[in-house]
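User: I am new to this structure and would like a close look at one part of it. Please show me how that part packs against its surroundings, and then move outward from there.

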Amino acid sequence: MSTLQAVISGLRPFSRLDHPREIIRQFTPNWFAATMGTGILALTLPQVPGIGPTLKPVGEALWFLNIALFMLFTLLYAARWVLFGHEARRIFGHNTVSMFIGTIPMGLATIINGCVAFGMDRFGPGIIAVAEMMWWIDVAMSLACGVAIPYLMFTRHEHSLDGMTAVWLLPVVAAEVAGASGGLLAPHLADSANQFTMLVTSCVLWACSVPVAFSILTLLVLRMALHKLPHDSMAASSWLALGPIGTGALGMLLIGADAPAILAQHHMAATGVTVQGLGIMAALLLWGFGLWWMMLATLITIRYWRAGVPFNLGWWGYTFPLGVYTVATFRLGVMLDAGFFSLIGAFLAAILTAMWLLVSARTLLGAWQGTLFVSPCIASGK
């Protein structure tokens, strides 16, 4: 093939695929990580101190883009189950791809949060009822992932310590993401009983996730000490650990902020104040742990990138964990009235934006060429 023919071939959409239907056949939940990254950037931009109001229209546009992406990915993945169900079912036996089922409810959670951040101004308070309905769906999906995937790990998968990566966190972290979303949504519900139910449920979701995630983090530290870093295709996985840490901190801040007003309506005013104080202290401790992990992940990333890392959808793992940690940083700055956190948050938001632009551009190119539509379940025959 001549150089000109190669260039023309590269300009054609899906030129690396045998047939366009391979988009559906090879579609995996990994793509929903893009909705997580896009959604968290949309929620982060309006919170940048000083320029947040200016960036809010950009965040709203990203929220609408995120909704469109989530709908598109849902249609493609549903089509795969309808048209290629016998191959789609293999995901439950795959050690790695099955973990990414957790990205579906986490991507949905960013859309629900956007209903509060953008939807109320755009569509009015009626959108809260829609968000509440979606939240309960998200809760059911998150709990299902958090229980079913570990059960498959214990009964069907073949795992080893040297093969472990931070993707083990994805199915269990979904519950705490839903819990943080509940903390954001609860104060906007009209009925006090519904507020109380959502607050309590959010606390339970946090408890269903954070302790499990930290047990996995303990094993992850041991794995890296004994067997060193994972393969370069998992380079971004070092940042995934920042996700449960940042989300855990954010959840404590949001639940704590809700507690005084909501619990006071149920004759537990003193308890509400206590919960608020505990939430701030717990979030501060988690934030400090996240700072340590972020510095470690930065050194690991520099080592990977100096050696040259091939692009894959796993690069979206650089975005959501950093984004949720950034939002927690902004929230701490507000709760503690400390400009220190606002400065750090603004710096992290700039890095998040640059990373989102880079990963989005590489994803668009890979999707256009068709190179990113690869299902490891089919390739491995499992």
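Analyst: Start with α3 and α6, which are roughly parallel to each other. On this scale, angles under 35 degrees are roughly parallel, over 145 roughly antiparallel, 65 to 115 roughly perpendicular, and the rest oblique. The model is predicted, so local features need pLDDT of at least 70 and side-chain atom pairs pLDDT 80 or more, while totals for chains, interfaces and linings use all residues. Residues are numbered from 1 along each chain as its sequence is written, and side-chain values use heavy atoms, without hydrogens or water.

Helix α3 covers residues 32-44, and helix α6 covers residues 103-123. Their axes lie 8 Å apart, at an angle of about 25°. Axes here are lines fitted to C-alpha atoms, for helices over the stretch in contact, and angles run from 0 to 180 degrees between N-to-C directions. Helices are DSSP runs of H or I with at least four residues, strands are E runs of at least two, and both are numbered from the N terminus.

The crossing of α3 and α6 is left-handed. That term applies if the near helix is turned anticlockwise from the far one by less than a right angle; clockwise is right-handed. From α3, the contact takes in F32, A33, T35, M36, G39, I40, A42 and L43. From α6 come T103, I104, M106, G107, T110, N113, G114, A117 and F118. Contact means heavy atoms within 4.5 Å. By class, ten of these residues are nonpolar, seven are polar and none is charged. Nonpolar covers Ala, Val, Leu, Ile, Met, Phe, Trp, Tyr, Cys and Pro; charged covers Asp, Glu, Lys and Arg; the others, Gly among them, are polar.

α3 has another partner, helix α13 (residues 320-336). These axes are 8 Å apart, at an angle of about 20°. That angle makes α3 roughly parallel to α13. The crossing of α3 and α13 is again left-handed. On the α3 side, M36, G37, I40 and T44 make the contact. On the α13 side, they meet F320, G323, V324, T326, V327 and F330. The contact of α3 with α13 holds six nonpolar residues, four polar ones and no charged ones. M36 and I40 appear in the contact with α6 and also in the contact with α13.

L45 has a partner in helix α4 (residues 52-83), where L55 is found. L55 touches L45 and V48, leaving aside neighbours within four places in sequence. The C-alpha atoms of L55 and L45 are 5.7 Å apart, although the two residues are ten places apart along the chain. L55 is partly exposed, at 21% relative accessibility. Buried means under 20% relative accessible area, exposed over 50%, and partly exposed in between, with a 1.4 Å probe and protein chains only.

Now look at another pair for contrast. Helix α9 (residues 192-227) and helix α12 (residues 269-307) come within 14 Å by their axes and cross at roughly 40°. That makes α9 oblique to α12. Their crossing is left-handed. α9 supplies W206, F214, L217, L220, V221 and M224, and α12 supplies L286, F289, W293 and I300. By class, the contact of α9 with α12 has ten nonpolar residues, no polar ones and no charged ones.

W293 deserves a second look. Beyond four places in sequence, W293 touches L217, L220, V221, M224, S238, A241, L242 and I245. W293 is also among the members of the largest nonpolar core that touch the most other members, along with F27, W31, L169 and L185. Such a core is a set of buried Ala, Val, Leu, Ile, Met, Phe, Trp, Tyr and Cys residues joined through side-chain atoms within 4.5 Å. This one has 117 residues. Its largest share, eleven residues, comes from helix α11 (residues 242-264).

T301 also sits in α12. T301 is buried, with a relative accessible area of 11%. Not counting residues up to four places away, T301 touches S238, W239 and Y318.

Finish just before α12, in the loop that joins α11 to α12, where H267 lies. H267 has a phi near 60°, a positive value in a residue other than glycine. H267 is exposed, at 76% relative accessibility.
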